[in-house]
Amino acid sequence: MLKVTNMNVYYGNIYAVKDVSFHVDEGEVVTLIGANGAGKSTILKTISGLLRSKTGSISFAGEEIGNVASHAIVKRGMAQVPEGRRVFLQMSVQENLEMGHYTQQGATMTERMEGVYERFPRLLERRKQVAGTLSGGEQQMLAMGRALMSRPRLLMLDEPSMGLAPLLVEQIFEIIGELNRAGTTILLVEQNANMALKVANRGYVLETGRIITTDSASALLEDDTVRKAYLGG
Amino acid sequence: MSFALHLINGLQMGSIYALVALGYTMVYGIIKLLNFAHGDIIMVGGYIALFSLTLGRMPALLAALVTVAGCTLLAVIIEKLAYTPLRFAPRLSLLITAIGISILLQNLAQFFFTANDRGFPGHLLFPTGSVSIGGLSIAYTSIITVALSIASMAALHLLVKSTKLGKAMRAVSEDQGAAQLMGINVNHIITFTFAVGAALAGVGALLYSVRFPLIAPTIGAMLGLKAFVAAVFGGIGSIPGTMVGGYAIGLLEALVTAAGLSGWVDGVVFLLLIIVLMVRPTGLMGRPIMEKV
């Protein structure tokens with residue numbers, strides 16, 4: 001479904017992503033794990049078109065999207081839950097969801113919103129509230145709900161566990177599993193490698209902008225070097 | 001002149017300031033640009049209205065529509081030619097460009113229309129005469145000015161609060177990157193914002209030309225600066241704050257005039273700007289600026 005080949009991204013003079021290639025098949029959960037600054041978020045931003053790769057190609061559902069404007073990429077069936085959630089703090093919960101539906105035909109909005117509220121009942125309770133008044137966990141749910149409003153074929157999540165209490169992290173990962181079982185392909189970027197590998201089918205390990213190893217998630221969980229570096233022994 | 005008449009005068013000017021100030025606030029809200037060419041768009045609007053009514057012999061409504069459309073088109077052209085290429089440039093470059101556009105528009109107007117004042121036939125636009133309420137004689141133009149400006153602001157409020165485009169404007173002004181991830185075409189929204197601000201300026205141009213019926217290449221400069229003060233006072237970036245700011249400046253001017261200090265009006269307005277910047281730089285209803293981490 002998604003195939004990234006030879007991605008090279010620079011931030012000014014900083015060489016952030018070095019010759020990265022990977023793929024995500026339909027129906028999979030694939031995770032990119034690695035320490036802070038390994039280039040994981042940069043990769044997601046480049047796939048979404050917010051940054052550009054100097055070389056190579058990004059193909060989504062068989063079509064090249066490396067030069068497509070970021071707003072047009074959403075329309076093709078890709079959504080991203082960005083790092084730090086980035087919900088619209090001054091807009092209400094409901095308006096945030098409406099923004100997630102921006103590229104879609106108006107008729108489907110109510111139905112999809114109900115779907116999101118069903119999955120995240122807390123959002124229904126707070127639908128008139130301004131997003132800035134939500135807790136971190138609620139904001140994460142809103143960011144995920146907002147991304148789901150476009151009913152994406154590929155959902156990319158950037159550090160969904162960041163800054164959340166352990167119980168909430170469990171809940172978020174449970175939801176990721178549910179979404180996948182409901183048919184959404186997922187690309188997950190995480191520092192919490194343990195949780196990520198438990199929900200994923202396959203994983204890629206990044207170090208300073210390079211993919212150093214890849215395997216099935218269960219094999220990575222058992223891998224000695226991965227365990228030492230990212231799973232706390 | 002009775003105090004009540006001063007107040008009516010203040011409301012009339014406040015309506016105009018509020019309309020013009022909204023253009024500043026909307027553009028600032030979306031790309032953090034103080035668009036100092038905004039006042040000069042109103043000057044161009046004054047000429048468009050003047051020529052539509054005189055040379056074009058258009059009926060009032062048509063002339064008004066042509067003026068609003070002309071201002072909107074001009075702002076979109078300026079945005080595309082001058083500001084869009086600087087989308088990723090430092091903000092200071094954008095500000096200097098805006099000042100450059102302001103000077104350019106004034107000089108083009110002087111080149112084509114000369115620096116001489118031209119009388120504006122306000123009577124062709126709005127009905128003359130006045131209505132007597134409780135012993136006060138209030139000019140129709142004052143009533144129309146206040147009504148038209150409140151109607152425009154209500155329309156703006158509806159647009160921003162309830163329409164898909166208006167919500168997208170708020171989303172872009174809060175977080176451009178996140179808005180892009182929603183599939184919002186940020187460039188379109190920015191252009192649309194300029195267009196809406198300029199349409200309000202077009203209405204402002206009509207109202208201002210009727211109030212001060214002498215059109216010259218420099219009429220936009222002082223009006224623009226005062227509306228800028230109104231926007232800063234109310235809280236630049238905040239639409240309700242800016243509306244309040246506009247009326248506050250209009251009424252302040254009226255009070256200073258009523259106190260017999262009409263020569264001090266401009267000075268007092270700019271003194272207010274200095275005080276606001278010292279005491280509460282975010283204005284009455286502005287949000288404190290928070291740097292994103």
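The following exercises, with worked solutions, concern the two sheets of chain A in a predicted model.

**Exercise 1.** Determine which strands stand at the edges of the open sheet of six strands in chain A, and why one side of each is left without a neighbour.

*Solution.* Begin with the strand order, which in chain A is S6-S7-S8-S3-S9-S10, with mixed pairing. Strand S6 (78-81) and strand S10 (210-216) of chain A stand at the edges; each has a single partner strand, so one side of each lacks a neighbour in the sheet. From one strand to the next, the twist averages 15 degrees.

**Exercise 2.** State in which sense strands S3 and S8 of chain A pair, and identify the bridge partner of A:Leu32 in S8(A).

*Solution.* Strand S3 covers residues 29-34 and strand S8 residues 185-190 of chain A; they pair in the parallel sense, over five bridges. Within S8(A), A:Val189 is the bridge partner of A:Leu32.

**Exercise 3.** Describe how helices H1 and H6 of chain A pack on this sheet.

*Solution.* Consider helix H1 (residues 40-47) of chain A: it touches S3, S6, S7, S8 and S9 of chain A, and its direction makes about 145 degrees with that of S7(A). Helix H6 (residues 136-148) of chain A touches S6 and S7 of chain A, and its direction makes about 170 degrees with that of S6(A).

**Exercise 4.** Describe the open sheet of four strands in chain A and find the bridge partner of A:Met7 in S2(A).

*Solution.* The order is S2-S1-S4-S5 (chain A), with antiparallel pairing. Strands S2 (14-24) and S5 (63-64) of chain A stand at the edges, each with a single partner strand. Strand S1 (residues 2-11) of chain A is joined to S2(A) by seven bridges. In S2(A), A:Met7 has A:Val20 as its bridge partner.

Definitions and conventions: Residues are numbered from 1 along each chain as its sequence is written. Chains are lettered from A and ligands numbered from 1 in the order in which they are written. This is a predicted model: local features need pLDDT of at least 70, side-chain atom pairs count only at pLDDT 80 or more; totals for chains, interfaces and linings use all residues. Two strands pair if DSSP finds at least two bridges between them. Helices (H or I, at least four residues) and strands (E, at least two) are DSSP runs, numbered from the N terminus. Axes are lines fitted to C-alpha atoms, for helices over the stretch in contact, and angles run from 0 to 180 degrees between N-to-C directions. Two residues are in contact if their C-beta atoms, placed from the backbone, lie within 7 Å.
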